[in-house]
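Work through the exercises below with the structure in view. Try each task before you read its solution.

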Amino acid sequence: APALACSLPFPLARVYLGAVYPTDALAGMALGALLFCLGCLAGVPAASRLSAALTGLPPGARRNARLLAAAAFAFCLNALYRDGSMGGLSFGLWAGYALALERAETREADGAPARTSAHGAFARSLSVLVGLSVLALILVPLARVMPGAGHAHYGLFRFARFALAGLWAGYGVPRLFPSAGPRDTGR
């Protein structure tokens, strides 16, 4: 529900500004929901199989296998979205997740206690706000600095920009702001 609430202002703002028709915004949201459902139905079992296959391998090998799977998924998304944004974002998110898993597995192997979060709703909201602000600082200035749509390598630069944003969201935010993550209830 919070992710859905955070994603609604973007299509509404684009309709308000006259950048897209309401039907285009609805179609985009429907496509996003479809991709989410496909990811849950196909991606989660595939990730479980990959995780089972990686059991017993050194942490570096598991990380590399996860990054390779992320790159393959990003390549498939780039076939659908040729501008590189979706592929870059998914690669960054999955790469960040792979790095976070490797860190958690290393901490667990070393016997370090798991982090718990006892912060209140205000601290969690502030962490999310700071995380989103840094995300905007990654996306907006880099869009101004990197070459535009007329450049021959526009898709590559756009992929890199969105991959960096995804890496921040997948690894940076949970690493720097553990209070934004799920609480460990001890169950």
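**Exercise 1: Burial in a helix**

Task: Which residues of α7 are buried?

Solution: In α7, the buried residues are Arg158, Phe159, Arg161, Phe162, Ala163, Ala165, Gly166, Trp168, Gly170, Gly172 and Val173. Buried means under 20% relative accessible area, with a 1.4 Å probe and protein chains only. Across the chain, buried residues make up 19% of the 187 residues.

The model is predicted: local features need pLDDT of at least 70, side-chain atom pairs count only at pLDDT 80 or more, and totals for chains, interfaces and linings use all residues. Residues are numbered from 1 along each chain as its sequence is written, and side-chain values use heavy atoms, without hydrogens and water.

**Exercise 2: Length and bend**

Task: What is the span of α7 from its first C-alpha to its last, and where does α7 bend?

Solution: Start with the count: α7 has 23 residues. Its span is 31 Å, close to the 33 Å expected at 1.5 Å a residue. The expected span is 1.5 Å times one less than the number of residues. Next, the bend: α7 turns by about 35° at Trp168. That is the angle between axes fitted to the seven residues ending there and the seven starting there.

**Exercise 3: A helix pair**

Task: At what angle do α5 and α7 pack?

Solution: α5 (residues 85-109) and α7 (residues 154-176) pack at about 30°, with axes 6 Å apart. That angle makes α5 roughly parallel to α7, a label for angles under 35 degrees. Their contact residues divide into 14 nonpolar, seven polar and three charged.

Key
Axes fitted to C-alpha atoms, helices over the stretch in contact; angles between N-to-C directions. Helix = DSSP H or I, 4+ residues; strand = E, 2+ residues; numbered from the N terminus. Parallel < 35°, antiparallel > 145°, perpendicular 65-115°, else oblique. Nonpolar A, V, L, I, M, F, W, Y, C, P; charged D, E, K, R; others polar. Buried < 20%, exposed > 50% of the residue type's maximum accessible area, 1.4 Å probe, protein only.
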